[in-house]
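The following exercises practise the reading of a protein structure. Each task is followed by a solution in steps.

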Amino acid sequence: MKIEKAETSRRGMIDYSKLGFGKYFSDHMLIMDYEQGQWKEPRIMPYQALAIEPANITLHYGQCVFEGQKAFRGIDGKIRLFRLDSHYKRLVNSSKRMFIPVTPEKEYKDSIVKLISIDREFIPVEWGTSLYLRPFIIGMDNTLGLKVSDKYRLMVITSPVASYYDEGLNPIRIHVNTEYSRVVKGGLGEVKAAANYAASLYATQMAKQKGFPQVLWLDGKEHKYVDEVGTMNIMFVIDGKLITPSLEDGTILPGITRDSVLKIARDWGWDVEERRILFDEIRDSYKRGLLQEVFGTGTAAIISPVGELHYKDEVMIVNNGKIGEKSQILYDTITGIQYGKLEDKFGWLTVIEDEE
Ligand SMILES: *Cc1c(COP(=O)(O)O)cnc(C)c1O
């Protein structure tokens, strides 16, 4: 690993009282290039602009995958990285689907740990804040001919962040989208490809103009089944049961927060179901007074309660617009593990040692 340290720090530019999400970046970034059929040695260097040719293939055709994961400053001052292995595996899956070469595991993991260690001073301390890591891979060929790229660049940048939504743990209003599709069966829904986000922008912007921060995505074919909420997986508590769409159709991103919630819930002996969910079933449960909680799960917000669902002319107010009991305890448990307050019983954390 080659390391070039920044001469001046960007830390003075950060307003820790107004972190927001993804506005500030740490001093260093990681770069690993793929050329002539192999990955080169990882390089850690000062965060800086890239020189990219206008003919860069990714700018035109979007052969690009990414990840999003977090490191936390614990209540004991130790730094913990959450589920490094799961994020690595998902990056590999996404890469395969986009025909990007597989990143070598040891180099990837070691250099991420090193990057966090070097920029440890950027990790905020307050509960709910963290260092967000954004690994991504882009094609680096310069050509307008549509093809799979021969050269690639993996980069990791890191950003001190607060809560993803301005609303924090306050329940959000959701517009149920019955017009547009983000993904379809056979498409890219089960991988973290930039293209899925491009496909989501128009409908999300339409919803925002009507005052809804996010949309509920129904299946891309019939708009009947529940897929995801915004850029999160969705969960329902119906009559005491935790229910979430299953992954088997390949239209749903296998969220690591989703997986963490399911593992915790099953460990506690909750009634858990992963299956297809008709949106009509949600409306029906609501009418019968059985829809107790709705929430999104994702690395950025961990748990994001849904307070209102707007479907055509209907408005469903969930749990009086307040965070539910199960949502709250899941949030407390996952953050408790992340900040070292609760035991890491599932082995999800990598403790980042101090630099010598
Ligand atoms: C990243 C992502 C999620 C959440 O995954 P986590 O691993 O929990 O952060 C959910 N849905 C989509 C579409 C995503 O891209």
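**Exercise 1. Locate L50 and describe its surroundings at the surface.**

Step 1. L50 belongs to the loop that runs between β4 (43-46) and α1 (57-61). Helices (H or I, at least four residues) and strands (E, at least two) are DSSP runs, numbered from the N terminus. The model is predicted: local features need pLDDT of at least 70 and side-chain atom pairs count only at pLDDT 80 or more, whereas totals for chains, interfaces and linings use all residues. Residues are numbered from 1 along each chain as its sequence is written, and side-chain values use heavy atoms, with hydrogens and water left out.

Step 2. L50 is partly exposed because its relative accessible area is 36%, where buried means under 20%, exposed over 50% and partly exposed in between (1.4 Å probe, protein chains only).

Step 3. Together with I52 and L59, L50 makes a nonpolar surface patch of about 250 Å². Residues of a patch have over 30% relative accessible area and no salt bridge; like charges are joined within 9 Å and nonpolar side chains (Val, Leu, Ile, Met, Phe, Trp, Tyr) within 5 Å. A salt bridge is a side-chain nitrogen of Lys or Arg within 4 Å of a carboxyl oxygen of Asp or Glu.

**Exercise 2. Determine whether R90 is buried or exposed, and find what its side chain reaches.**

Step 1. R90 lies in helix α2 (residues 84-97).

Step 2. With a relative accessible area of 7%, R90 is therefore buried.

Step 3. At 3.1 Å, the side chain of R90 reaches the backbone oxygen of P254. This is a polar contact (a pair of N or O atoms within 3.5 Å; within protein, one must be able to donate a hydrogen and the other to accept it, and residues adjacent in sequence count only if both atoms are side-chain atoms).

**Exercise 3. Describe the polar contacts of the ligand with K192, E228 and T231.**

Step 1. An N or O atom in the side chain of K192 is 2.6 Å from an oxygen atom of the ligand.

Step 2. A nitrogen atom of the ligand lies 2.5 Å from a polar side-chain atom of E228. For T231, a backbone N or O atom lies 3.3 Å from a nitrogen atom of the ligand.

Step 3. The protein buries 96% of the 380 Å² that the ligand exposes when taken alone; accessible areas come from the Shrake-Rupley method with a 1.4 Å probe, and for residues only the protein chains shown count as cover.
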